[in-house]
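Visitor: Hey, got a minute to walk me through this one? I'd like the fold, the packing and any odd backbone spots.

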Amino acid sequence: MTKQPERIFVKGNEAVARGALAAHCKCFFGYPITPQNEIPEFLSAEMPKAGGRFVQAESEVAAANMLLGAGACGIRAMTSSSSPGISLKQEAISYMAGSEIPAVIVNMNRGGPGLGDIGPAQGDYYQSTRGGGHGDYRLLVLAPSTGQEAYDLTIKAFDLTFKYRNPVMILGDAILGQMKEAIIPWQPENIDDEAGRDWSLTGADKREKRLIKSLFLEEGALAEQNRTLQTKYDDMQSYVEYEEFETEDAELVVCAYGSIGRIAKSAVRSLRAQGKKVGLFRPITLYPFPSEPLLALARQGKRFLTIEHNLGQMVDDVRLAIRTVADSEFAPIFPGNLPVPEDIEGPVLKCLEGK
Amino acid sequence: MSEMNEKLVFDRPQAVIDRPTHYCPGCHHGVAHRLVAELLEELDVVEKTLLVTSIGCSVFLYNYLNVDAVEAPHGRAPAVATGVKAARNDKFVFAYQGDGDLASIGMAEILHAANRGERIAVVFVNNTVYGMTGGQMAPTTLIGQKTTTCPEGRCLEREGAPIRMTEIIAGLGGTAFAGRASLDSVKNIRTAKKYIRKAFQCQLEDRGFGFVELLSACPTNWKMTPLKANERIADAMIPYFPLGVFKDVTEEGGEC
């Protein structure tokens with residue numbers, strides 16, 4: 001009998017924290033905010049055991065800037081927060097994008113605007129996929145929908161942030177962060193802990209000094225830097241992940257991401273049992289957005305309904321992707337409400353009947 | 001004439017890059033840069049130094065020092081330096097900040113880095129104005145001092161009193177050394193170098209956070225000649241910002 005892999009029963013927040021440790025994350029900088037507190041709590045105990053450093057920063061602003069410092073040294077580092085805290089981190093995120101510093105930022109999205117609530121929401125889609133801070137830049141954004149995906153994508157986030165020398169955001173929500181479920185932890189192999197050896201700060205010992213900055217005052221220098229960034233974002237476009245479920249013969253494709261994507265999957269299963277021809281398209285990378293596979297579905301003559309836990313944000317990207325051949329309906333779940341599969345089945349049936 | 005034997009008696013430290021200065025005539029940043037560079041050499045840490053620069057005129061320190069450097073957002077240098085040190089604990093890490101950067105927008109970052117006892121050093125250049133942006137009022141602007149945003153002079157009732165940072169930093173548990181010196185005279189420059197050395201050594205000896213405030217001239221924004229600006233440091237700044245050591249655990253012989 002083969003040995004079963006060890007399953008553990010943890011919250012999504014802990015899955016992220018464990019994934020970070022498995023990915024050799026060596027520095028974590030955090031600040032308390034619900035619903036992500038299990039990440040700093042877990043890492044405050046476990047990071048030092050792994051030979052890393054945990055710092056509870058004086059503010060979200062400081063935590064993100066500590067991340068900037070550690071990232072500039074080429075060390076695998078992370079911060080986590082939730083919506084209001086992520087707003088405060090935008091300063092450093094913009095600087096990291098401008099300075100091409102790798103770093104992983106976790107956002108367990110809560111209800112907004114303002115202080116909102118501590119429940120789940122997807123109101124930070126625009127902020128995550130359009131940069132979020134000042135200037136013209138993009139983050140690579142990963143949206144897990146289960147505890148296992150949270151673990152797996154956290155490991156992946158560290159590889160991607162060094163591959164592109166660009167901050168990577170893991171965008172979850174209060175459902176993902178707070179729900180306990182079984183995951184199977186695994187240990188990635190061949191992690192390159194010195195992936196930044198050619199550019200990071202190690203001290204100018206028997207080599208030219210290195211300077212990591214986002215200020216470009218010399219004639220033409222900033223335009224050149226923006227050209228470099230644009231080339232990088234173009235390169236990123238080849239990296240997309242998504243899930244298609246029951247789309248093959250579907251008449252209507254539901255587009256949803258993260259926890260809502262997972263709930264929509266339950267709704268699709270239930271509607272399929274009733275003989276309804278519906279499917280699910282769930283982007284896993286929100287930036288770059290999986291436009292090509294979505295367009296391929298649109299070319300098959302399918303109709304689309306985007307459902308989000310906000311007032312309509314990702315639906316813009318869906319419409320842009322399929323604009324030459326189709327359009328997408330939109331159904332909001334208002335932040336503040338905790339969605340159940342019936343909340344999705346209703347709008348889907350209405351959309352199916354309204355053809 | 002007999003042939004002259006020329007002997008070089010004063011040269012730039014090797015840690016300083018040979019390039020024309022962009023600073024205004026009479027600005028003290030160049031003096032502060034040189035002191036820092038001399039000490040990096042004397043303490044033999046040039047190759048292991050990671051510099052964190054701030055926003056303002058001080059950002060360009062990285063153009064003059066031959067060390068690895070990262071640029072921090074406005075006021076955040078102590079937080080960035082905390083991250084750098086967390087990542088590279090075996091390196092020598094210091095930040096260099098002006099008074100608008102450190103004592104206004106970066107107040108939280110400097111206080112908490114000091115309080116945590118981060119093994120970093122901060123060189124704080126206080127010239128009582130926002131220099132790079134054109135001489136606006138700073139948290140260190142003296143009462144009655146005219147700037148572009150307090151044209152009638154800073155008013156105690158309206159804008160509060162100038163903040164004495166070194167005294168505040170000295171009151172925090174993680175601080176190993178906190179001293180204030182001035183760059184207006186040869187004597188004071190020598191003392192400044194002594195203080196910076198102490199602040200740097202506190203990191204190298206794993207004692208705690210090192211902090212040095214340097215009273216400096218900004219003749220351009222003070223609208224003074226360099227000589228008059230030097231006189232102003234002695235006549236107006238030092239009486240309000242007293243020079244001296246405010247905390248030194250090395251003298252007490254203990255760690256923080």
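Guide: Sure, we can go through the chains, the contacts and then the backbone.

Guide: One thing up front: this is a predicted model.

Visitor: Okay, start with chain B. How many helices and strands are there in chain B?

Guide: Chain B has 11 helices and nine strands. Its radius of gyration is 18 Å, close to the 18 Å from the globule rule for 256 residues, so chain B is as compact as a globular protein of that length.

Visitor: What box do the C-alpha atoms of chain B fill?

Guide: Roughly 65 × 50 × 35 Å, taken along the principal axes.

Visitor: And what share of chain B counts as buried?

Guide: Of its 256 residues, 52% count as buried. As for contacts in chain B between residues at least 6 apart in sequence, 66% join residues at least 24 apart.

Visitor: Let's talk hydrophobics. Which residues have the most contacts inside the largest nonpolar core?

Guide: Those are A:Met66, A:Val254, B:Val84 and B:Val123, in a core of 178 residues. Helix 3 of chain A, residues 60-72, provides the largest share of this core, with nine residues. Domain 1 and domain 2 of chain A each put at least three residues into this core.

Visitor: Zoom in on one of those. What does B:Val123 touch, beyond residues up to four places away in sequence?

Guide: B:Val123 touches B:Ala32, B:Val36, B:Phe94, B:Tyr96, B:Ile196, B:Val212 and B:Leu214.

Visitor: Now the two chains together. How many residues of each are in contact?

Guide: 34 residues of chain A are in contact with 29 residues of chain B. On the chain A side, the elements giving two or more residues are strand 2 (27-30), strand 3 (53-56), helix 3, helix 4 (83-99) and strand 9 (211-212). Helix 3 of chain A has the largest share of that side, eight residues.

Visitor: You mentioned domains. Where do they run in chain A?

Guide: Domain 1 covers 8-201 + 228-236, and domain 2 covers 243-353. Their C-alpha centres lie 26 Å apart, and the contact takes 27 residues from domain 1 and 21 residues from domain 2.

Visitor: Which elements supply at least two residues on the domain 1 side of that contact?

Guide: Helix 5 (125-129), strand 6 (140-142), strand 7 (168-173) and helix 7 (174-178) of chain A each do. Helix 5 of chain A gives the most to that side, with four residues.

Visitor: Switching topic: is A:Gly12 buried or exposed?

Guide: A:Gly12 counts as buried, because it has 32 C-beta neighbours inside 10 Å and the cut-off for buried is 20 or more. A:Gly12 is found in helix 1 of chain A, residues 12-22.

Visitor: What's around A:Gly12, leaving aside neighbours within four places in sequence?

Guide: A:Gly12 is in contact with A:Gly147, A:Ala150, A:Gly172, A:Leu176, A:Gly177 and A:Met179. The C-alpha atoms of A:Gly12 and A:Gly177 are separated by 4.3 Å, and these two residues are 165 residues apart along the chain.

Visitor: Any helix pair to look at? At what angle do helix 10 and helix 11 of chain A pack?

Guide: Helix 10 (residues 291-299) and helix 11 (residues 314-322) of chain A pack at about 65 degrees, with their axes 8 Å apart. The crossing is right-handed. A:Ser291, A:Leu294, A:Leu295 and A:Ala298 in helix 10 meet A:Val318, A:Ala321 and A:Ile322 in helix 11.

Visitor: Right, backbone oddities. What's the usual pattern for phi and peptide bonds?

Guide: Most residues other than glycine have a negative phi, and most peptide bonds are trans.

Visitor: So where does a cis peptide bond join A:Thr34 to a proline?

Guide: At A:Pro35, where omega is about 10 degrees. A:Pro35 is in the loop between strand 2 and helix 2 (38-46) of chain A. A cis peptide bond also joins A:Gly112 and A:Pro113, with omega about 0 degrees. A:Pro113 is in the loop between strand 5 (104-109) and helix 5 of chain A.

Visitor: And what is phi for B:Asp206?

Guide: Phi of B:Asp206 is near 60 degrees, a positive value in a residue other than glycine. B:Asp206 is in the loop between helix 8 (186-204) and strand 8 (209-215) of chain B.

Visitor: Why does B:Asp206 count as exposed?

Guide: Because B:Asp206 has 10 C-beta neighbours inside 10 Å, and exposed means 12 or fewer.

Visitor: What about B:Lys223, what's its phi?

Guide: B:Lys223 has a positive phi of about 55 degrees although it is not a glycine. B:Lys223 lies in the loop between helix 9 (219-222) and helix 10 (226-240) of chain B, and with 11 C-beta neighbours inside 10 Å, B:Lys223 counts as exposed.

Methods
Residues are numbered from 1 along each chain as its sequence is written. Chains are lettered from A and ligands numbered from 1 in the order in which they are written. This is a predicted model: local features need pLDDT of at least 70, side-chain atom pairs count only at pLDDT 80 or more; totals for chains, interfaces and linings use all residues. The radius of gyration is taken over C-alpha atoms; the globule rule is 2.2 Å times the number of residues to the power 0.38. Two residues are in contact if their C-beta atoms, placed from the backbone, lie within 7 Å. A nonpolar core is a set of buried Ala, Val, Leu, Ile, Met, Phe, Trp, Tyr and Cys residues joined through C-beta atoms within 7 Å. Domain bounds come from an automatic or database domain assignment. Axes are lines fitted to C-alpha atoms, for helices over the stretch in contact, and angles run from 0 to 180 degrees between N-to-C directions. A crossing is left-handed if the near helix is turned anticlockwise from the far one by less than a right angle, and right-handed if clockwise.
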